[in-house]
Amino acid sequence: MEERILDFLFAVAPALIVGLIAYYFFKTHTANEEGRRRFLLHKDIQKDTVPMRLQAYERLTLFLERITPAKLIPRVKPSSQDPIAYENSLIKNIENEFEHNIAQQIYVSEECWNVVLSSKNATIRLIRQTNMSDKIDTADKLRETILSNLIEQPAPSSVGLQFVHREVKTLLGK
């Protein structure tokens, strides 16, 4: 009886070993195929989304350039010599530019969007703080003071521009 069991085990053992090896190779093969399918799907998605993401970065770059005080102030002329009215006009222009680009946040990283938002808010804060000075009594004086402050310190939007440039380089693999 023991001999029959041993004969049976010797007969079945190679089949079990072959079966386990086949199972292992089949499992590895299906895992590799699944990975390959995911890679190809990801590659197809990237092919479609990279141009949209680049366009979003372009629009955010344009937004940050347009709200840079050195470019904003010559473009937005004061309608009167009231510095508060001019401050409001500058801020309204920044907010309008921002609203036109708000949808771009779905194409960029959350960190990038937060940097752009911070740049916008810092630019508005710069305008407001400059207008709080006792020396500001006309819109022209506000314009002059904001521009002269930019000589001493970089525009708040320059940080956002640098971040966008770095993120685009990362996206393009450079």
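This report walks through a few features of the predicted model above, from its first residue to its last helix.

## Before we start

The model is predicted, so local features need pLDDT of at least 70 and side-chain atom pairs count only at pLDDT 80 or more, while totals for chains, interfaces and linings use all residues. Residues are numbered from 1 along each chain as its sequence is written, and side-chain values use heavy atoms, leaving out hydrogens and water.

## The starting end

Let's begin with Met 1, which sits in the segment before α1 (2-66). Helices here are DSSP runs of H or I with at least four residues, numbered from the N terminus. Met 1 is exposed, at a relative accessible area of 73%. For that label, exposed means over 50% relative accessible area, buried means under 20%, and partly exposed is in between (1.4 Å probe, protein chains only).

Where does Met 1 stand relative to Lys 71? The two are 70 residues apart in sequence, and their C-alpha atoms are 98 Å apart in space.

## Rings between helices

The whole structure has three aromatic pairs. Rings of Phe, Tyr and Trp (its six-membered ring) pair if their centres lie within 6.5 Å; planes under 30 degrees apart are stacked, over 60 edge-to-face, and the rest tilted. One pair is Phe 63 with Phe 98, a tilted one with 5.8 Å between centres and 55° between planes. Phe 63 belongs to helix α1 and Phe 98 to helix α3, so this pair ties together parts 35 residues apart in sequence.

Are these two rings buried or exposed? Phe 63 is buried at 1% relative accessible area, and Phe 98 is buried too, at 8%. Ring pairs also bring in Trp 113, making a cluster with Phe 63 and Phe 98. On top of that, Lys 120 lies over the face of Phe 98, 4.7 Å from the ring centre. The rule for a charge over a ring is NZ of Lys or CZ of Arg within 6 Å of the ring centre and within 35 degrees of the ring normal.

## Charged partners

There are eight salt bridges in the structure, each a side-chain nitrogen of Lys or Arg within 4 Å of a carboxyl oxygen of Asp or Glu. One of them joins the side chains of Arg 66 and Glu 97 (2.6 Å, N to O). Arg 66 is in helix α1 and Glu 97 in helix α3, so the bridge ties together parts 31 residues apart in sequence. Arg 66 is partly exposed at 29% relative accessibility, whereas Glu 97 is buried at 13%.

Another salt bridge joins Glu 87 and Arg 128 through their side chains (3.7 Å, N to O). Glu 87 is in helix α3 and Arg 128 in helix α4, so here the linked parts are 41 residues apart in sequence. Glu 87 is buried at 11%, and Arg 128 is partly exposed at 42%.

## Helix α5

Helix α5 covers residues 139-152. Its buried residues are Ala 139, Leu 142, Arg 143, Thr 145, Ile 146 and Leu 150. What covers them includes α2 (69-75), α3 and α4 (110-131).

This helix has a salt bridge of its own: Lys 141 meets Glu 144, with the closest N and O atoms 3.8 Å apart. Both residues lie in α5, three residues apart, or about one turn of the helix. An α-helix has 3.6 residues a turn, so residues three or four places apart point the same way.

Notes. Helix = DSSP H or I, 4+ residues; strand = E, 2+ residues; numbered from the N terminus. Expected span 1.5 Å × (residues − 1). Contact = heavy atoms within 4.5 Å.
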